[in-house]
Amino acid sequence: MQDVNIYIETSIHGPARKDGRYMYLLECIRDGIPVTLYKAGEIKKATENQLALTALIEALGRLNCACDLRIHTSCQHILNAMQNSWARQWQKNGWVTAKGLPVKNVELWEAVLDRLGMHLYQFTDDEHTYHQWMKGQL
């Protein structure tokens, strides 16, 4: 199974809707050669969660085999939802939170969970050398 790091960065933090940018960086070793892929994009009137989920969906879309993923993001909502299995619970509950409220960004969450399906993964917010580089690219 291929080891892959995915780094997600957004230009907005918090729940405010603004025009924002996102970026992902994907790194792995392919045939003994280090490979780094990245892409940036923007979304008008988006939240941090929408930007980060979109970046993650796009990064996962670049993978064509089962991988062992380490996903780095500073988006606390995504970290909590994945580390505490909230997203899978929301899915089981018909996309309703534990408080009985509808989950926001359902279509994005569905796409993330679908694309994570074949992979082993862990989410983390630890810093990495690419973090500052990515911030400069947004």
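Student: Which residue in strand 5 does L69 stand opposite?
Tutor: Bear in mind that we're looking at a predicted model. Strand 4 covers residues 67-72, and strand 5 covers residues 120-124. These two strands pair in the parallel sense over 5 bridges. Opposite L69 in strand 5 you'll find Y121.

Student: And on the strand 1 side, what is the bridge partner of N5 in strand 4?
Tutor: Strand 1 takes in residues 2-10, and 6 bridges join it to strand 4. The two run parallel. For N5, the bridge partner in strand 4 is R70.

Student: Okay, zooming out, in what order do the elements of the protein run from the N terminus on?
Tutor: There are 5 helices and 5 strands to place. Going from the N terminus on, the order is β-β-β-α-β-α-α-α-β-α.

Student: What radius of gyration does the protein have, and why does that agree with a compact globule?
Tutor: The C-alpha trace spans about 50 × 30 × 20 Å along its principal axes. For 138 residues, a compact globule would come out near 14 Å, so the protein's radius of gyration agrees with that, at 15 Å.

Student: What share of the contacts with a separation of 6 or more comes from residues 24 or more positions apart?
Tutor: Let's set burial beside it: of the 138 residues, 41% count as buried. As for the contacts with a separation of 6 or more, the share from residues 24 or more positions apart is 68%.

Student: Which residues are buried in helix 2?
Tutor: Helix 2 spans residues 76-83, and S85, just after that helix, takes a positive phi of about 60°. The cover over the buried residues of helix 2 includes helix 1, helix 3, helix 4 and strand 5. An α-helix has 3.6 residues a turn, so residues three or four places apart point the same way. The buried ones here are I78, L79, A81 and M82.

Student: Is V103 buried or exposed?
Tutor: V103 sits in the loop between helix 3 (86-92) and helix 4 (106-116). Leaving aside residues up to four places away in sequence, V103 touches W90, W95, V96, T97 and W109. The cut-off for burial is under 20% relative accessible area. V103 has 9%, so the verdict is buried.

Student: How far apart are the C-alpha atoms of V103 and A66?
Tutor: Along the chain, V103 and A66 are 37 residues apart. In space, their C-alpha atoms are separated by 28 Å.

Student: W95 has a positive phi although it is not a glycine; is W95 buried or exposed?
Tutor: The phi of W95 is about 65°. W95 lies in the loop between helix 3 and helix 4, and W95 is among the residues V103 touches. Its relative accessibility is 11%, so W95 counts as buried.

Student: K45 has a positive phi too, so is K45 buried or exposed?
Tutor: K45 isn't a glycine either, and its phi is about 50°. Its place is in strand 3, residues 33-46. Exposed means over 50% relative accessible area. K45 has 58% relative accessibility, so K45 is exposed.

Student: Last one, on charges: how far apart do the centres of the positive and negative sets lie?
Tutor: The protein exposes about 7700 Å², with carbon and sulfur atoms supplying 50% of it. There are 15 positive and 15 negative side chains. The centres of the two sets lie apart by 7 Å.

How values were computed. Residues numbered from 1 in each chain as written. Predicted model: local features only at pLDDT ≥ 70, side-chain atom pairs only at ≥ 80, totals over all residues. Heavy atoms only, no water. Helix = DSSP H or I, 4+ residues; strand = E, 2+ residues; numbered from the N terminus. Rg over C-alpha atoms; globule rule 2.2 N^0.38 Å. Buried < 20%, exposed > 50% of the residue type's maximum accessible area, 1.4 Å probe, protein only. Contact = heavy atoms within 4.5 Å. Areas by Shrake-Rupley, 256 points an atom, 1.4 Å probe, with all protein chains shown as cover. Lys, Arg positive; Asp, Glu negative; His and termini not counted. Charge placed at Lys NZ, Arg CZ, Asp CG, Glu CD. Pairing = 2+ DSSP bridges.
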